[in-house]
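The following report concerns the structure displayed below. Confidence is treated before individual residues.

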Amino acid sequence: MTKEWMAQISNPEQWKTWFNMVPQQPSNPLAGILQDAGASIKPEAVEQLKNAYMAKLTGLWAEFMAGKAPELKDRRFAAPAWQASPLSAFNAASYLLNAEFLTAMADAVEATPHQKQKIAFAVQQIVDAMSPANFLATNPDAQQTLIETKGESLAKGLNNMLADMQKGRISQSDESAFEVGRNVATTPGTVVFENALFQLIQYTPTTSTVHQRPLLMVPPCINKFYILDLQPENSLVRYAVEQGNTVFLMSWRNPDLSMQHVTWDDYVEQGVIAAIKVVQDISGQDKLNMFGFCVGGTIVSTALAVLKARGENPAASLTLLTTFLDFCDTGALDVFIDEQQVALREQALAKGGLMSGRDLGSTFSSLRPNDLVWNYVQSNYLKGKEPAAFDLLYWNSDGTGLPGPMFCWYLRNTYLENSLKVPGKLTVAGEKVDLSSIDAPAFIYGSREDHIVPWGAAYASTALLNPKKPAANRFILGASGHIAGVINPASKKKRSYWSNDQPRTAKARPQSAEQWMEGATEHVGSWWSEWAAFLAEHGGAEAKAPGKPGNKRHAAIEPAPGRYVKVRAD
């Protein structure tokens with residue numbers, strides 16, 4: 001395929017073979033994809049695309065022969081070296097034209113919406129992989145670096161590639177610059193409880209008085225908790241402590257084979273519910289401010305619904321950040337979710353096994369390959385550069401696995417069948433789950449450019465929680481993506497967020513995210529201060545800050561961040 005792609009450099013007539021859609025002679029890489037999907041393109045659509053493509057390619061070739069360099073607006077070809085060489089500029093422009101053509105063909109496919117999404121995703125992977133910027137032979141910027149360094153960049157690039165091959169992943173950050181507990185995950189605290197699933201950290205107060213009701217934070221089990229506690233200046237945990245909250249946080253264990261049979265029920269019962277009981281015992285408070293981030297929010301909400309079915313209501317409030325409860329729009333991840341793919345995972349893992357952190361990391365990287373894969377191939381391997389020190393990308397590479405049964409339950413019952421939102425459809429920990437039964441004011445946050453949890457899906461939680469009391473729900477929309485939108489320190493005064501504080505009743509509640517946005521107001525800066533005010537409102541009276549962590553039944557085990565967070569995935 002690469003040979004066919006690159007052949008256009010020397011032969012502009014090569015475009016003709018791209019319209020051969022016969023699977024047995026797949027000059028066009030889309031032909032095989034269509035065959036696998038059982039999809040097709042109408043001949044008249046191919047003819048129309050061919051004519052448009054021919055006209056553009058003929059014009060491009062004419063400009064090249066006349067010595068006119070094509071305009072390259074793509075940031076991958078922004079380096080001056082691409083324009084300095086007419087052949088390189090033509091190569092890049094030919095690639096962009098091919099990419100445009102393949103994308104248009106994928107859009108013209110006749111198939112179901114889900115099939116079209118999968119085809120478009122597969123085509124995009126091909127398009128991104130075949131960029132001439134990814135090959136030393138066709139990347140003039142990397143060639144110039146090779147000449148300037150007298151070959152040193154190539155030697156360093158090969159060393160970088162070999163080192164990454166040993167690690168089994170591409171280095172995105174200078175990993176030697178960070179160490180968990182030394183300069184990330186450094187907020188002072190103490191592990192006061194642990195079981196086979198998690199450690200519970202109680203953070204040291206920094207104020208003389210605190211809100212009476214403690215805050216229990218549940219991070220996603222698919223990642224390490226310290227995305228919430230990177231460095232002091234961008235730590236959401238530290239910020240919550242500084243606002244006068246007694247903060248407890250769950251640090252999920254990175255599973256090994258001893259956990260290969262652990263289920264979703266276990267994460268609810270032995271995880272969140274166990275943590276709630278310990279925090280109640282240590283604090284002496286029946287009511288807690290509950291917090292969940294991403295899948296942590298899904299687990300927290302399930303646990304609260306289970307407890308409500310048992311006649312317990314421990315939440316004074318509930319905070320959900322970029323969380324699915326209604327899996328109505330699963331965004332880019334939808335390409336990995338269908339009956340066939342879920343059934344294959346169940347066959348392999350449902351009765352035991354581990355979903356590896358490496359596989360999970362590769363899946364998420366494939367959603368943004370230019371930013372999370374090819375950018376580093378070009379920099380680390382072709383130019384021999386060392387990745388910069390970046391705490392968020394260091395965390396991103398420090399992944400976790402998941403127990404197979406838990407992972408398979410999650411895929412089928414939420415992503416595939418969207419059953420969690422249906423009252424009583426699912427039984428967890430022996431109880432029928434009804435999210436509408438959770439009786440607690442909710443602070444629900446979505447990120448506008450989130451490709452993991454589209455903000456419309458995050459907003460859909462407002463229809464599931466407090467359905468008869470819509471004024472109890474507060475939705476905030478932040479700028480940026482799944483992580484950067486959340487980790488937006490108030491002190492930096494960066495980005496912006498939107499709120500809609502118009503009076504809400506059951507009838508007047510915005511029924512869609514679009515309706516909510518029509519009445520929203522944009523604010524400059526971080527949404528963190530809004531959240532702090534929400535916690536204070538539901539935190540109870542002021543009390544003297546705890547003098548030491550834990551109590552007689554839950555004594556100090558070790559300093560934060562604890563052992564569990566330091567276990568790396570395979």
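## Model confidence

The protein chain has a mean pLDDT (the predictor's confidence in each residue, from 0 to 100) of 91, and 93% of its residues reach 70 or more. This is a predicted model, in which local features need pLDDT of at least 70 and side-chain atom pairs count only at pLDDT 80 or more, while totals for chains, interfaces and linings use all residues. Residues are numbered from 1 along each chain as its sequence is written, and side-chain values use heavy atoms, with hydrogens and water left out.

Over residues 21-26, pLDDT stays under 50. Where pLDDT is low, the predicted coordinates should not be read in detail.

## Glutamate 194

Strand β1 (a DSSP run of E, at least two residues, numbered from the N terminus) covers residues 189-194 and contains glutamate 194. With a relative accessible area of 27%, glutamate 194 is partly exposed, that is, between buried (under 20%) and exposed (over 50%), using a 1.4 Å probe and protein chains only.

The side chain of glutamate 194 makes polar contacts (N or O atoms within 3.5 Å, one able to donate a hydrogen and the other to accept it; residues adjacent in sequence count only if both atoms are side-chain atoms). One, of 2.8 Å, is with the side chain of glutamine 199; another, of 3.0 Å, is with the side chain of arginine 563.

## Leucine 154

Leucine 154 belongs to helix α8, residues 152-167; helices are DSSP runs of H or I with at least four residues. Leucine 154 is partly exposed, at 34% relative accessibility.

Methods. Contact means heavy atoms within 4.5 Å.
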